[in-house]
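User: I'm new to this structure and would like a close look at a single part, with enough of the surroundings to place it. Please explain each term as you go.

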Amino acid sequence: MTSRKIAAARSHILPFFLLGFAVAQAQEPPLPRYEVKYAKSRIEIDGKLEDKAWEQAGVIELIFPFEQQTGRKQKTRVRLLWDDNALYAGFDCDDEDITAQHVSRDAPTYQDDVVELFLNPLPSQRLVYVGMEMNARAVMYDYLMVSGTALFKQFDLKDFRLATFLRGTLNARGDKDEGWSLELAIPWENFERPVTRPKPGVEWRAQLSRWDNVNPERVLSMWSHPLRRSASPHVPERFGILVFTE
Ligand SMILES: [Ca+2]
Ligand SMILES: [Ca+2]
Ligand SMILES: [Ca+2]
């Protein structure tokens, strides 16, 4: 093709390309928002979401963004709360077969039945966020993620409290379990300088996710759709918005 023909072809292609782009923009689902309410009473971190305070919190149900994953789609409900001391997360997982092998801090818990919380406490930047991947045995894998590629697992959260409660048997594959739940408290000190503990109206960014079932039936469910074909939750520009309220 001569350069003149290419230029002519481009002049036809360009408007269609722009149209496609505009359609893609219009269809992009908005980022989900969640009101993190102030806990009016004490939360006991025992893995059971039976504390009075949890009744105040709105419920997020994770979605299944990846059509190529054909394993069992088991539901997960997540709640968040805060108070002067900490951010609280409660995950409630339906699960017919609870499995988790890893038992030590920073082991690859993402290979187990695991729930994940990614927190960006400084939404003016998208370079760095804190990742927490917690399995059904209440084992924490925490790290700083930088640029979506460099994962610093020597980063350790201070004084967090974490517990799970299993409604079923762990790693006993022949029976039918009901599910498991997880409670987490993260003291605000972990984010201080440059971030301070939130005041009402402050917004942070976050993703919530869960890996479930055993290979090759692994299924990833999430809060905010990552708009990617590959099953990875590490898409910080698609993190949802947390709004702290009274
Ligand atoms: Ca509790
Ligand atoms: Ca760590
Ligand atoms: Ca499972």
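Analyst: Let's start with one term: a residue is buried when its relative accessible area is under 20%, exposed when that value is over 50%, and partly exposed in between, using a 1.4 Å probe on protein chains only. By that rule D95 is buried, because its relative accessible area is 1%.

Some ground rules before we go on. The model is predicted, so local features need pLDDT of at least 70 and side-chain atom pairs count only at pLDDT 80 or more, while totals for chains, interfaces and linings use all residues. Residues are numbered from 1 along each chain as its sequence is written, chains are lettered from A and ligands numbered from 1 in the order in which they are written, and side-chain values use heavy atoms, with hydrogens and water left out.

Back to D95. This residue helps to hold the calcium ion (ligand 3), whose donors are D95 (OD), D95 (OD), D97 (O), D113 (OD), D113 (OD) and D212 (OD), at 2.4 to 2.8 Å. A donor here is an N, O or S atom within 2.8 Å of the metal, or 3.2 Å for Na, K and Ca; water is not among the atoms, so sites may look incomplete. D97 is buried as well, at 9% relative accessible area. Along the chain, the donor residues follow the spacing D-x1-D-x15-D-x98-D.

What do the angles say about the arrangement of the six donor atoms around the calcium ion (ligand 3)? They run from 47 to 176 degrees, so the arrangement is irregular. The rule behind that word: four donors are tetrahedral if all angles lie between 85 and 135 degrees; four are square planar and six octahedral if opposite donors are over 155 degrees apart and all others between 65 and 115; anything else is irregular.

Another calcium ion (ligand 2) has its own set of protein donors: D106 (OD), D106 (OD), D142 (O), D142 (OD), K153 (O), F155 (O) and D156 (OD), lying 2.3 to 2.6 Å from the ion. Their spacing along the chain reads D-x35-D-x10-K-x1-F-D. D156 is partly exposed, because its relative accessibility is 37%.

Next, the strands. Helices (H or I, at least four residues) and strands (E, at least two) are DSSP runs numbered from the N terminus. The protein chain has one helix and 13 strands, and 46% of its 246 residues are buried.

A good strand to follow is β6 (residues 128-135). Seven of the eight residues in β6 are buried. Two strands count as paired if DSSP finds at least two bridges between them. On one pairing, strand β5 (residues 114-120) runs antiparallel to β6, with six bridges; V114 has N135 of β6 as its bridge partner. In another, β6 meets strand β7 (residues 140-146), again antiparallel, over seven bridges, and E133 is partnered by Y141 of β7. β6 and β7 make a hairpin with four residues between them, and A138 in that turn has a positive phi of about 65 degrees.

β6 also leads us to the largest pocket, since three of the lining residues, the largest share, come from this strand. A pocket is found on a 1 Å grid over the protein atoms alone: it is an open set of points with protein on both sides within 12 Å along at least five of seven lines, and lining residues have an atom within 4 Å of a point; a cavity, by contrast, is a set where a 1.4 Å probe fits but cannot get out. The largest pocket holds about 210 Å³ of space, with the volume being the space filled by probe spheres set on points joined across faces, edges and corners.

Which residues lie nearest the centre of the largest pocket? They are P121, V128, V130, L144 and F191, out of 15 lining residues. The lining counts 10 nonpolar, three polar and two charged residues. Here Ala, Val, Leu, Ile, Met, Phe, Trp, Tyr, Cys and Pro are nonpolar, Asp, Glu, Lys and Arg are charged, and the others, Gly among them, are polar.
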